[in-house]
Amino acid sequence: MQLSADLEDRLARIGWRTLALPDDAPADAFPARVSAQHRAGYQLDDGAATFNAQPAPRFLKAGADPLERPAVGDFVLVVPGTPPQIERVLPRRTVLSRAAAGERHQRQIIATNVDHVFVVTGLDGDFNPARIERYLLLVAESGALPVVVLTKADQAHDAAAAIAELRRRVPPPVEILAVNAKSPDSVAPLLAWLRPGDSAVLVGSSGAGKSTLTNSLLGQSRQATGAVRENDSRGRHTTTHRALLRLPSGGCLIDTPGMREIKLTGEESLDGSQFADIEELAQRCRFGDCAHASEPGCAVRAALAEGRLDPARWQNYLKLRDELAAAADSLEAQLRRKSEARVLTKALGRRLNEKYGHR
């Protein structure tokens with residue numbers, strides 16, 4: 001189904017990249033983008049105005065895959081009604097997600113269809129290179145590109161030293177910017193990734209300055225902000241839900257609540273990530289099963305001894321590697337249990353049909 005030029009122009013303002021709707025789309029359906037999700041339903045943006053809508057009943061069924069439900073950033077097909085109804089989630093270009101809290105393996109979508117992820121960290125007690133590396137591992141699997149934004153540069157004792165420390169652990173081409181989130185002039189370089197049709201999402205701890213940054217980019221105080229605790233520089237959740245906002249620059253920005261836990265899903269990979277150099281070092285070891293402990297010819301230990309590999313970065317790599325392995329094992333076990341349960345359910349259905357089906 002081909003869109004009109006006027007509708008395509010409107011949708012392009014909010015990041016639309018698809019030229020046509022699915023051929024089997026309902027005749028009266030139209031596309032819109034999810035700008036917020038509330039308990040009572042969704043808020044959508046069609047490029048001209050925002051309006052409320054409800055999801056189709058199948059999205060609300062018990063046991064429905066949460067990843068298939070509409071999420072902030074999604075483009076969806078909507079059918080008119082009172083209220084309008086979300087009929088279908090259109091294919092996603094990018095998906096930023098994390099593992100949901102708890103032992104049960106389940107992914108939680110943070111945002112979809114974004115071009116860049118702004119990893120926001122304060123240059124105060126919130127500054128933690130290991131946590132930034134964890135964020136970058138999630139971003140690497142999303143299909144979007146990361147930008148590290150260090151806020152509170154005006155309050156930092158030595159912002160240049162913090163950037164240098166982080167650069168040793170975060171290799172190019174990842175951009176690192178230090179800004180004063182309260183100053184529109186200071187945050188202006190971020191507009192290079194927020195041009196008309198671009199989309200970005202902010203992620204980081206509570207109190208890192210995401211909402212302050214959003215307000216500066218908006219040019220108005222729309223998002224609530226709050227002070228941080230003195231002992232750990234953390235703040236309380238002032239942003240309570242994910243929200244997609246249109247900026248004067250023409251881009252779209254998704255603000256998110258602070259994350260207390262950045263849990264890996266088990267589907268991330270250290271290959272090709274910011275740890276690619278460590279993976280390459282490991283390949284140079286004399287023995288293929290080198291544990292990088294006391295084996296002769298270990299390229300990793302040689303790099304540590306010569307100062308070519310940061311010890312803190314190496315320790316965080318080991319921590320993330322072990323966590324990924326455990327998460328992957330948990331995911332595999334859960335998928336196996338689900339497969340076995342489906343087989344048993346089908347077998348039971350056949351037995352019941354054989355016993356009672358002809359009565």
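User: Why is Cys290 called buried?
Analyst: Cys290 has a relative accessible area of 12%. Buried means under 20% relative accessible area, exposed means over 50%, and partly exposed lies in between, with a 1.4 Å probe and protein chains only. Because 12% is under 20%, Cys290 counts as buried. This is a predicted model in which local features need pLDDT of at least 70 and side-chain atom pairs pLDDT 80 or more, whereas totals for chains, interfaces and linings use all residues. Residues are numbered from 1 along each chain as its sequence is written, and side-chain values use heavy atoms, without hydrogens and water.

User: What makes the sulfur of Cys290 too far from that of Cys298 for a bond?
Analyst: The closest cysteine sulfur to that of Cys290 belongs to Cys298, at 3.8 Å. A disulfide is a pair of cysteine sulfur atoms within 2.5 Å. The distance of 3.8 Å is not within 2.5 Å, so the pair does not qualify.

User: How many disulfides does the structure hold, then?
Analyst: The structure holds zero disulfides. Cys285 is also in none, since its nearest cysteine sulfur, again that of Cys298, lies 3.9 Å away. Cys285 is buried as well, because its relative accessibility is 8%.

User: Why does Ser35 count as buried, and where is it found?
Analyst: The relative accessible area of Ser35 is 2%, so this residue is buried. Ser35 belongs to strand β1, residues 30-38. Strands (E, at least two residues) and helices (H or I, at least four) are DSSP runs numbered from the N terminus. By this rule the chain has eight helices and 13 strands.

User: Which residues is Ser35 in contact with, beyond its neighbours within four places in sequence?
Analyst: Contact means heavy atoms within 4.5 Å. Ser35 meets this condition with Gln43, Leu44, Asp45, Val72, Arg242, Ala243 and Leu244. In the chain, 65% of contacts between residues at least 6 apart in sequence join residues at least 24 apart.

User: What makes strand β8 mostly covered?
Analyst: In β8, residues 116-122, seven of seven residues are buried. His116, Phe118, Val120 and Gly122 point one way, while Val117, Val119 and Thr121 point the other way. Both sets are buried. For the chain of 359 residues, the buried part is 46%.

User: How do you know that β8 and β9 pair?
Analyst: Two strands pair if DSSP finds at least two bridges between them. β8 and β9 (residues 145-151) have seven bridges, in the parallel sense, so they pair. One of the partnerships joins Phe118 to Val147 in β9. β8 also runs parallel to β11 (residues 199-204), with five bridges. There, Val120 has Gly204 as its bridge partner. On β9, four parallel bridges lead to β10, residues 175-178, where Leu150 stands opposite Ala178.

User: What makes the unit of β9, α3 and β10 right-handed?
Analyst: A crossover is right-handed if, with the strands pointing away from the viewer, the path from the first strand over the helix to the second runs clockwise. The β-α-β unit of β9, helix α3 (residues 159-169) and β10 is right-handed, so its path runs clockwise in that view.

User: Which residues touch the most other members of the largest nonpolar core?
Analyst: They are Leu44, Val117 and Val203, in a core of 73 residues. Helix α2 supplies the largest share of this core, six residues. A nonpolar core is a set of buried Ala, Val, Leu, Ile, Met, Phe, Trp, Tyr and Cys residues joined through side-chain atoms within 4.5 Å. Another core, apart from the largest one, has 20 residues, including Val187 and Leu245.

User: What is phi of Asn113, and why does Asn113 count as buried?
Analyst: Phi of Asn113 is near 55°, a positive value in a residue other than glycine. Most residues other than glycine have a negative phi, and most peptide bonds are trans. Asn113 has 2% relative accessibility and is therefore buried. Its place is the loop between β7 (107-112) and β8.

User: Which residues does a cis peptide bond with omega of about 0° join?
Analyst: The bond joins Thr82 and Pro83. Pro83 lies in the loop between β4 (75-79) and β5 (85-89). Another cis bond runs from Pro172 to Pro173, with omega near 15°, and Pro173 is in the loop between α3 and β10.
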